[in-house]
Amino acid sequence: MAGVLTVPGPDRGPAAEPTGPATGPATGPDRGPFAGPSTGPAPSRIAVVGGGPGGLYAAALLKRLDPRREVTVWERNAPSDTFGFGVVLSDETLGGIRDADPVVYEALRRDLVRWDDIDVVHRGHRTTSTGHGFAALGRRRLLEILHARCTELGVRLRFRAEAPPPDVLAAGHDLVVAADGVHSRTREAHAAHFRPRITTHRCRYIWLAADFAFDAFRFETAETEYGVMQLHAYPYEAGASTAIVEMREEVWRAAGFEELDEAESTVRCAKIFAEALGGRELRSHRSAWTAFRTVVNAHWSYGNTVLIGDAAHTAHFSIGSGTKLAVEDALALANSLEGHAAADGGNRTLPEALAAYEAERRPVVESTQRAATASLRWFEELAGHVDRPPRRFAFDLLTRSRRVTHANLRLRDPAFTATVERDFGCPPGTPPMFTPFRLRGLTLRNRVVVSPMDMYVAEDGVPGDFHLVHLGSRALGGAGLVMTEMVCVSPEGRITPGCTGLWTDEQAAAWSRITAFAHAEAPGTALGVQLGHSGRKGSTRRMWEGIDQPLSEDNWPLVAASPLPYRPGVNQTPRALDRAGLSAVREAFTAAARRAARSGFDLLELHCAHGYLLSGFLSPLTNHRTDAYGGDLDGRLRFPLEVFDAVREVWPEERPMTVRISATDWAEGGTSEEDAVAVARAFADHGADAIDVSTGQVVPDETPAYGRSYQTPYADRIRNETGVPVIAVGAISSWDDVNSLLLAGRADLCALARPHLYDPHWTLHAAAEQGYEGPAAPWPAPYRAGNRPPPTGRRG
């Protein structure tokens with residue numbers, strides 16, 4: 001039977017169900033440690049806990065790669081028990097299966113259902129996007145195939161059997177593969193080592209099925225009297241589809257689902273999405289409402305025990321990655337155990353093999369989890385997206401995980417993407433980032449902003465030749481708006497001795513030189529000034545001399561909302577501003593704003609982020625005042641709004657003002673998302689033309705969720721709840737990211753910092769790479785000969 005897999009059909013019952021105890025040579029102290037994959041004559045003993053796809057496939061691979069191994073799978077449920085209905089597998093995963101075990105691949109291939117379309121149904125409009133490429137099959141069928149393959153290879157399958165305790169398994173086997181799911185007993189038994197972090201999210205969902213096949217992957221919203229609900233549905237065999245219904249916890253409770261049993265919930269969901277189902281019923285199988293839990297572990301192995309699949313990590317079902325990740329874990333684990341040469345030319349020990357497995361898989365898994373978290377959050381915040389026009393809503397949904405982008409969609413479905421571009425207002429042949437944007441009396445020729453970046457090279461607050469070249473080169477580089485670093489309003493408001501300022505006329509004259517150069521040599525480029533005061537984060541060394549470390553000498557006194565040092569025992573304790581101090585700071589801002597206007601800046605941004613003085617008033621972690629400038633959010637907003645009003649009064653009426661905020665402190669008890677929306681709305685009500693949405697840097701013990709475009713969800717929420725334009729910032733690194741964010745309606749402008757340090761002409765190069773030669777990205781006359789990449793290699 002080698003190389004031929006006979007899989008029982010749906011009517012023939014489970015593949016195999018051996019019972020009886022596992023037998024074989026025990027691993028004892030006389031045998032020594034596992035010294036690599038099956039290098040000796042005796043087979044290794046391997047225990048697999050959990051009979052889901054990941055555990056079964058790991059067992060089959062390990063047995064196939066060395067038939068001498070004794071491999072036993074423990075599964076507490078019966079062979080036919082399964083949770084969920086369909087499984088989606090990517091072509092990449094299928095390719096790995098084909099290469100590792102062609103027999104399993106051929107069995108899967110015969111049952112796969114394939115399709116290319118995604119239907120997004122919103123407010124009666126169905127938008128179809130094509131070219132996506134999906135493959136799915138029934139979860140039960142997948143298990144039948146893997147049961148049969150394991151049986152054919154000689155894997156012992158023990159169903160309806162609890163695995164022995166983890167320590168017992170580890171003592172009696174060379175290797176224990178824990179594939180026992182999100183509620184892993186193995187992981188919990190060694191939690192002190194694995195150090196799991198489990199996050200429960202804000203939506204409830206139920207896994208159901210329909211007895212017909214949708215002709216596309218279907219996303220549909222239902223705006224009910226209780227709130228927004230969503231349907232995720234896709235075919236998995238000729239006459240069946242998975243149908244997942246999901247909604248926020250509060251919507252679930254308001255709709256009364258908490259009081260309904262499984263059958264009642266199934267009927268209710270079918271009624272809510274009756275149009276999508278064509279009036280057909282839904283069915284369940286041990287289905288229950290649950291909240292998704294994201295599982296992250298600090299370590300994936302302990303001794304001879306290793307975690308795979310949901311025991312090690314989870315990724316939200318909206319990107320279809322659970323089974324995919326588990327199967328890929330099994331492939332990587334088997335590969336790592338198969339005798340790859342170590343540095344000394346010998347075989348890997350088990351700890352080395354397990355470390356190699358984790359080193360290979362962790363970056364892939366973490367990337368997938370970031371995408372899944374972005375997708376999950378999008379659905380959690382669905383109510384904030386539903387007012388978008390239908391095609392923009394569809395584009396927003398399709399790009400929610402940041403893995404599908406504008407450029408990607410242009411390749412997959414150029415017709416759909418072209419309609420979204422037209423809706424956005426892109427002239428023919430113009431990428432979204434090169435459409436103009438108006439703020440008050442200022443029209444920006446494109447949507448790219450050079451984000452403020454502190455240089456710390458000024459003398460007595462005066463910008464010098466470095467600043468002229470730094471800002472001038474980026475103005476020549478094509479961005480629509482070039483921002484200065486934080487320009488301090490007083491000597492005491494500096495972060496470091498190298499910070500620039502606008503508290504003297506000499507400083508204003510130096511800034512005039514820079515704005516004059518930019519306006520003359522890069523006409524159409526706007527120059528913006530960011531005004532700020534360091535607060536409790538001042539009197540520190542330059543960044544490369546020790547970030548946030550106090551000066552070794554010549555420190556100046558600090559002021560803040562409350563007498564709280566940035567780092568207790570490291571930074572000095574600031575003085576809490578009294579009435580006189582508040583007035584002096586406000587006057588310093590207005591004096592600096594007057595000088596900025598005379599210096600020729602086109603836009604002024606008030607810095608209320610990153611833990612500096614005005615930010616320190618906004619955050620409950622740094623404002624402990626009991627007077628009118630503390631307490632609730634209205635009190636904490638009072639002084640920043642007073643400063644804004646004073647600056648707006650002296651700043652020329654036709655020139656726009658923006659405000660940078662930290663939308664979250666990334667710390668417990670800090671600024672919430674709801675606070676951020678309220679703060680943005682308050683500044684907009686006072687005349688702010690846009691909100692520059694950053695995050696964090698308020699307290700030193702923050703725990704940011706870094707990742708690609710990781711701050712943009714905060715900009716998205718503020719934009720779509722308040723209607724005020726937003727500038728998105730934070731790990732936006734490609735022109736494709738910029739185009740995607742703009743078209744999806746998550747931002748109006750995109751600010752990039754590090755990319756402009758790497759390439760001052762980032763915007764011009766983005767235009768060249770997209771074949772754009774229009775007025776939104778003009779090359780300076782002396783540079784026009786370089787508007788195409790130079791020949792390389794033997795091209796000439």
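How many salt bridges does the structure hold? The structure holds 56 salt bridges, and since this is a predicted model, every one of them is a computed feature of that prediction. Side chains of opposite charge can pair when their charged atoms come close. A few of these pairs, taken one at a time, make a good way into the structure.

One of them joins the side chains of Asp66 and Arg68, with an N to O distance of 2.9 Å. The two partners differ in how much of them is covered, for Asp66 counts as buried because its relative accessibility is 7%, whereas Arg68, at 38%, counts as partly exposed. Another salt bridge is formed by the side chains of Arg123 and Glu223, at 2.7 Å from N to O. This pair links distant parts of the chain, 100 residues apart, with Arg123 in the loop between β5 (118-122) and β6 (125-129) and Glu223 in strand β11 (residues 217-224). Arg123 has a relative accessible area of 42%, so it is partly exposed, and Glu223, with a relative accessibility of 42%, counts as partly exposed too.

Is the salt bridge between Arg361 and Glu328 made by residues that are buried or exposed? Arg361 is buried, because its relative accessible area is 5%, and Glu328 is buried as well, with a relative accessible area of 11%, both values being under the 20% that sets the limit for a buried residue. The closest N and O atoms of Arg361 and Glu328 are 3.5 Å apart. The pair brings together two helices, since Arg361 belongs to helix α12 (residues 350-380) and Glu328 to helix α11 (residues 322-337), with their positions 33 residues apart in the sequence. Elsewhere, salt bridges that share partners join several residues into one network, including Arg202, Arg248, Glu380, Glu673 and Arg717.

Glu673 also leads to helix α22 (residues 673-685), where it is one of the buried residues, together with Asp675, Ala676, Val677, Val679, Ala680, Ala682 and Phe683. The length of α22 can be checked by simple reasoning: at 1.5 Å a residue, its 13 residues should span 18 Å, and because its end C-alpha atoms are 18 Å apart, the model agrees with that expectation. Just after α22 comes Gly687, which takes a positive phi of about 115 degrees.

From Phe683 the path goes on into the nonpolar interior. The largest nonpolar core has 119 residues, and Leu531 and Phe683 are those with the most contacts inside it. Helix α19 (residues 579-598) gives the most to this core, with eight residues. Leaving aside residues up to four places away in sequence, Phe683 touches Cys608, Leu637, Pro640, Leu641, Phe644, Val659, Ala688 and Ile691. Apart from the core of Phe683 lies another, made of 57 residues, with Val48, Phe194, Ala311 and Ala332 among them.

Helix α13 (residues 390-398) offers a further view of burial, for seven of its nine residues are buried, so the helix is largely enclosed by the rest of the structure. The buried residues are Arg392, Phe393, Ala394, Phe395, Asp396, Leu397 and Leu398. A loop residue can be covered as well: His313 lies in the loop between β17 (305-307) and α11, and at 2% relative accessibility it counts as buried. If residues up to four places away in sequence are not counted, His313 touches Val295, Trp300, Leu325, Asp329, Val365 and Gln369.

At the surface, Val457, Phe466, Met543, Trp544 and Ile547 make a nonpolar patch of about 520 Å². Ile547 is found in the loop between α18 (543-546) and β23 (559-560), and it counts as exposed because its relative accessibility is 53%.

The loop between α18 and β23 also holds Asp554, and this residue calls for a look at the backbone. Most residues other than glycine have a negative phi, and most peptide bonds are trans. Asp554, however, has a positive phi near 60 degrees, and Ser539 likewise has a positive phi, near 55 degrees. Where do the two stand in terms of exposure? Asp554 is exposed, with a relative accessible area of 66%, whereas Ser539, in the loop between β22 (526-532) and α18, counts as buried because its relative accessibility is 1%.

Definitions and conventions
Residues are numbered from 1 along each chain as its sequence is written. This is a predicted model: local features need pLDDT of at least 70, side-chain atom pairs count only at pLDDT 80 or more; totals for chains, interfaces and linings use all residues. Side-chain values use heavy atoms; hydrogens and water are left out. A nonpolar core is a set of buried Ala, Val, Leu, Ile, Met, Phe, Trp, Tyr and Cys residues joined through side-chain atoms within 4.5 Å. Buried means under 20% relative accessible area, exposed over 50%, partly exposed in between (1.4 Å probe, protein chains only). Helices (H or I, at least four residues) and strands (E, at least two) are DSSP runs, numbered from the N terminus. Contact means heavy atoms within 4.5 Å. Patches are made of residues with over 30% relative accessible area and no salt bridge: like charges are joined within 9 Å, nonpolar side chains (Val, Leu, Ile, Met, Phe, Trp, Tyr) within 5 Å. Accessible areas come from the Shrake-Rupley method with a 1.4 Å probe; for residues, only the protein chains shown count as cover. A salt bridge is a side-chain nitrogen of Lys or Arg within 4 Å of a carboxyl oxygen of Asp or Glu. The expected span of a helix is 1.5 Å times one less than its number of residues.
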